[in-house]
Amino acid sequence: SAAALVLKQKRAPSTTYIALTLAIADAEVERLDEGGIDTLRGLLNLLDRHHVEAPDARLAAHQGIALLAQISGRLDVALIHLRAAVALVKPFAAPLDLLECRLALGTALSAARQHAEARRVLQHVIDDARDLGAEQHRLLGLTALSSVLAGQGAARGAVDVAIQSAVGYARQGSLLGYVRGATLAAHALIGSGRPVQAIELLMYGVAALRRSVGEQGAQLLQLQLDAIADELGEAEYERLCQELLQLRAARKRLDA
């Protein structure tokens with residue numbers, strides 16, 4: 001009721017009114033209540049009607065609408081507001097905020113299968129994050145870019161980028177990040193018709209985790225390998241393992 005009164009008022013909204021509406025919308029977003037979209041849209045319309053800049057409030061509104069729209073599968077709506085968030089932050093000297101907005105946009109573009117634009121945006125994120133020393137953002141950008149490249153059929157690039165993310169997460173000591181990167185690389189290899197290399201990569205990863213963090217950590221990646229084995233079927237998986245053994249034997253002969 002309070003939000004409705006705020007949004008219907010005739011005069012320009014005060015800081016208190018804006019804060020009240022955002023507080024109500026925050027609760028709706030936290031509950032994943034799609035009614036939050038109407039609350040935040042109402043706030044944006046009110047700010048536009050009275051020519052109130054309030055960039056922080058506008059940014060929070062665009063991000064809240066985008067989140068609720070993504071959760072409900074309305075990616076077209078989410079993209080509109082994520083683009084608006086990027087445009088809103090650009091004029092300000094807020095490089096990390098811009099980085100986060102672009103990362104959210106790139107990830108949403110990937111989910112919407114708009115791969116060409118997603119690739120451009122995410123490469124921008126990776127380059128800027130490297131320059132700013134924002135390693136976590138760089139790794140998130142690499143992970144998202146790997147999926148985009150795989151979707152474009154650029155399997156080699158997808159594998160390379162996924163491995164870069166796995167290495168970066170390993171340096172941070174992030175077990176889950178390493179597992180995610182290695183798994184992305186393996187699936188990109190399978191998608192490009194190289195299942196033997198995918199199995200080998202995961203086997204090496206399992207062995208590395210067993211040595212570095214112990215059996216419990218290794219099991220996280222072993223589960224990914226088991227899932228691939230189930231997907232391929234027992235007979236095909238055994239055949240590929242035999243092919244892998246032959247490949248390793250051939251490498252040893254060449255090294256000798």
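Let me start with Arg102, which in this predicted model is buried, its relative accessible area being 13%, a value that falls under the 20% cut-off for that class. Its partner is Asp128, and the two form a salt bridge in which the closest N and O atoms are 3.4 Å apart. That pair links distant parts of the chain, since Arg102 sits in helix α6, residues 95–111, and Asp128 in helix α7, with their positions 26 residues apart in sequence. Asp128, for its part, is partly exposed, with a relative accessible area of 23%.

Helix α7 takes part in another such link, and here I would turn to Glu117 and Arg83, whose side chains meet in a salt bridge at 2.8 Å, N to O. Glu117 belongs to helix α7, residues 115–132, while Arg83 belongs to helix α5, residues 75–89, so this salt bridge ties together parts of the chain that are 34 residues apart in sequence. As for burial, Glu117 has a relative accessibility of 22% and counts as partly exposed, and Arg83, at 34%, counts as partly exposed as well.

What, then, of a pair that lies in one helix? Glu135 and Arg138 are both in helix α8, residues 135–151, and they are 3 residues apart, which is about one turn of the helix. They form a salt bridge whose closest N and O atoms are 2.9 Å apart; Arg138 is buried, with a relative accessible area of 15%, whereas Glu135, at 30% relative accessibility, counts as partly exposed. Further along, Glu236, Arg239 and Glu243 are joined into one network by salt bridges that share partners. In total, the count comes to 11 salt bridges.

Let me now step back to the whole chain. The secondary structure of the protein chain comes to 13 helices and 0 strands. Its radius of gyration is 23 Å, well over the 18 Å that the globule rule gives for 256 residues, so the chain is more spread out than a compact globule. The C-alpha atoms fill a box of roughly 85 × 35 × 35 Å along the principal axes.

Buried residues make up 43% of the 256 residues, and, among contacts between residues at least 6 apart in sequence, 54% join residues at least 24 apart. The chain exposes about 13,800 Å², of which carbon and sulfur atoms supply 54%. Finally, to return to charge, the chain carries 27 positive and 28 negative charges, and their mean positions are 4 Å apart.

Technical notes. Residues are numbered from 1 along each chain as its sequence is written. This is a predicted model: local features need pLDDT of at least 70, side-chain atom pairs count only at pLDDT 80 or more; totals for chains, interfaces and linings use all residues. Side-chain values use heavy atoms; hydrogens and water are left out. Helices (H or I, at least four residues) and strands (E, at least two) are DSSP runs, numbered from the N terminus. The radius of gyration is taken over C-alpha atoms; the globule rule is 2.2 Å times the number of residues to the power 0.38. Buried means under 20% relative accessible area, exposed over 50%, partly exposed in between (1.4 Å probe, protein chains only). Contact means heavy atoms within 4.5 Å. Accessible areas come from the Shrake-Rupley method with a 1.4 Å probe; for residues, only the protein chains shown count as cover. Lys and Arg count as positive and Asp and Glu as negative; His and the chain ends are not counted. The place of a charge is taken as NZ of Lys, CZ of Arg, CG of Asp or CD of Glu. A salt bridge is a side-chain nitrogen of Lys or Arg within 4 Å of a carboxyl oxygen of Asp or Glu.
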